[in-house]
Amino acid sequence: MKIVNLEIKTRKVDPNPNPKRDALQALPGSGGVTVRVTAEDGSVGEGGASFGRVAGGPDALAALIEHELKPIVEGSDLRYVRGTHREMLGETEYHGSSGLAMFGIAAVDTALWDCLGKSLNVPCWHLWGRVNDRIRAYAMVGWLNYDDNEVQEICSRAVGQGFKAVKIKVGFETLKEDVARVEVVRKAVGDDVGIMVDANQSLTAAEAVRRGRAFESMGCVWWEEPIAADDIDGYAELTHSLDIPIATGENLYTAADFGRFLKRDAVDIVQPDLRRGGGPTALLQVGHMADAFKRPYASHGGGPVQLNVMACLPNAMYLETGTIPEGSPMKLDEDGFVNVPEGAGFSWD
């Protein structure tokens with residue numbers, strides 16, 4: 001069955017004048033791109049990529065998809081999604097299958113799997129083989145620009161919704177400030193809620209070891225991306241120097257990158273991002289590879305696509321999400337888990 005049409009839509013938003021911020025950058029938002037594919041039987045699938053930065057990102061990504069990826073997809077066999085993924089990687093190799101290219105591949109790959117699932121009227125986990133029917137979730141809520149009262153309020157709200165763990169941003173100017181932020185959050189959430197800490201590539205390896213020892217003594221769940229994403233030597237130093245698990249991967253672009261980190265024993269918890277990772281095809285590959293190295297998989301970002309992927313990974317650890325908006329189809333059970341979606345493709349129900 002052929003793909004007969006690929007449509008691209010851009011969504012632009014005015015930057016938030018009071019953006020969220022981590023230790024590396026402010027994230028005012030700039031919109032995103034949605035890809036919609038239609039098969040011969042009328043089935044339609046959607047995928048997308050959003051931008052926290054780069055005002056011109058949606059237009060640039062739309063052009064890349066239009067001129068490089070669309071000619072590959074239109075006329076392709078819907079049943080050969082992995083083959084189409086490989087072709088897209090080959091087509092973008094000349095300028096590099098990373099950055100915007102990988103955002104585009106991810107959006108198209110997501111749309112194709114969504115279309116195939118809807119064509120067969122089954123969830124995508126049905127196509128890949130499910131091993132989990134629910135996934136533990138945590139709330140990423142503690143942005144660096146929040147003052148102590150704000151971070152306590154939103155972390156308390158997350159716990160009130162049923163989350164058993166929250167993640168906060170660290171990477172202040174001093175270790176003392178970082179420790180104080182963890183203490184403030186601990187006071188708000190209590191002793192039974194896990195706290196993850198994330199410094200967003202802002203430290204040197206030596207400083208990351210120093211601060212990691214402090215977070216270790218405070219019982220934090222993991223120490224996330226404290227140094228530059230591509231510093232494999234630094235990450236190997238961290239994993240060998242600290243007992244607190246080192247989590248990274250949201251800024252790695254290929255399964256080969258994850259393979260190098262795993263082979264070097266430079267990561268304890270892999271965290272692929274749907275956009276940078278290259279879509280569900282690549283995330284499944286990374287997840288199974290990590291499982292072969294006995295490393296858990298924790299998503300960067302959440303939603304039904306990551307949930308479908310994690311349903312099929314025996315090493316699935318945590319789904320990342322935020323507090324749950326009113327009316328959201330995502331629900332937490334009493335143990336802090338999210339049920340895997342049951343709808344066709346990547347639909348909730």
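**A walk from a buried methionine to two helix pairs**

With a relative accessibility of 11%, methionine 140 counts as buried, since the cut-off for that label is under 20% relative accessible area. The structure discussed here is a predicted model, and methionine 140 offers a convenient place to enter it, lying as it does in strand β6, which covers residues 134-142. Leaving aside residues up to four places away in sequence, methionine 140 touches Lys167, Lys169, Glu320, Thr321 and Gly322. A further relation across the chain concerns histidine 300, which is 160 residues apart from methionine 140 in sequence, while the two C-alpha atoms are 9.9 Å apart in space.

From this strand we can turn back towards the N terminus, to helix α1 and the loop before it. In the loop between β5 and α1 sits valine 54, whose phi is positive at about 65 degrees even though the residue is not a glycine. This is worth noting because most residues other than glycine have a negative phi. Valine 54 is exposed, with a relative accessible area of 55%.

Helix α1 itself spans residues 57-73 and carries a kink of about 40 degrees, centred on glutamate 66. Its buried residues are Gly57, Pro58, Leu61, Ala62, Leu64, Ile65, Glu68, Leu69, Lys70, Ile72 and Val73, a list in which Glu68 and Lys70 appear alongside residues such as Leu61 and Ile65. These buried positions pack against strands β1 (3-11), β4 (31-39) and β5 (44-51), and also against helices α2 (81-91) and α3 (99-120). After α1 comes glycine 75, which has a positive phi near 95 degrees.

Further along the chain, two pairs of packed helices can be examined in turn. Two packed helices are described by the angle between their axes and the distance between the axes. For helix α5 (residues 148-160) and helix α6 (residues 175-189), the angle is about 40 degrees and the axes are 9 Å apart. The two helices are therefore oblique to each other, because angles under 35 degrees would be needed for them to count as roughly parallel. The crossing of α5 and α6 is right-handed. On the α5 side the contact involves Asp148, Val151, Gln152, Cys155, Ser156 and Val159, and these meet Arg181, Val184, Val185, Lys187, Ala188 and Val189 in α6. Sorted by class, this contact has 7 nonpolar, 2 polar and 3 charged residues.

Before the second pair, the loop between β8 (194-198) and α7 holds asparagine 200, another residue that is not a glycine and yet has a positive phi, here of about 50 degrees. Asparagine 200 is buried, with a relative accessible area of 5%, whereas valine 54 is exposed.

Helix α7 (residues 205-217) then packs with helix α8 (residues 232-241), their axes coming within 10 Å and crossing at roughly 25 degrees. That angle makes α7 roughly parallel to α8, and α7 passes α8 in a right-handed crossing. The residues in contact are Ala205, Ala208, Val209 and Arg213 of α7, together with Gly234, Glu237, Leu238 and Ser241 of α8. By class, the contact of α7 with α8 has 4 nonpolar, 2 polar and 2 charged residues.

Conventions:
Residues are numbered from 1 along each chain as its sequence is written. This is a predicted model: local features need pLDDT of at least 70, side-chain atom pairs count only at pLDDT 80 or more; totals for chains, interfaces and linings use all residues. Side-chain values use heavy atoms; hydrogens and water are left out. The bend at a residue is the angle between axes fitted to the seven residues ending there and the seven starting there. Helices (H or I, at least four residues) and strands (E, at least two) are DSSP runs, numbered from the N terminus. Buried means under 20% relative accessible area, exposed over 50%, partly exposed in between (1.4 Å probe, protein chains only). Contact means heavy atoms within 4.5 Å. Axes are lines fitted to C-alpha atoms, for helices over the stretch in contact, and angles run from 0 to 180 degrees between N-to-C directions. Angles under 35 degrees count as roughly parallel, over 145 as roughly antiparallel, 65 to 115 as roughly perpendicular and the rest as oblique. A crossing is left-handed if the near helix is turned anticlockwise from the far one by less than a right angle, and right-handed if clockwise. Ala, Val, Leu, Ile, Met, Phe, Trp, Tyr, Cys and Pro count as nonpolar, Asp, Glu, Lys and Arg as charged, and the others, Gly among them, as polar.
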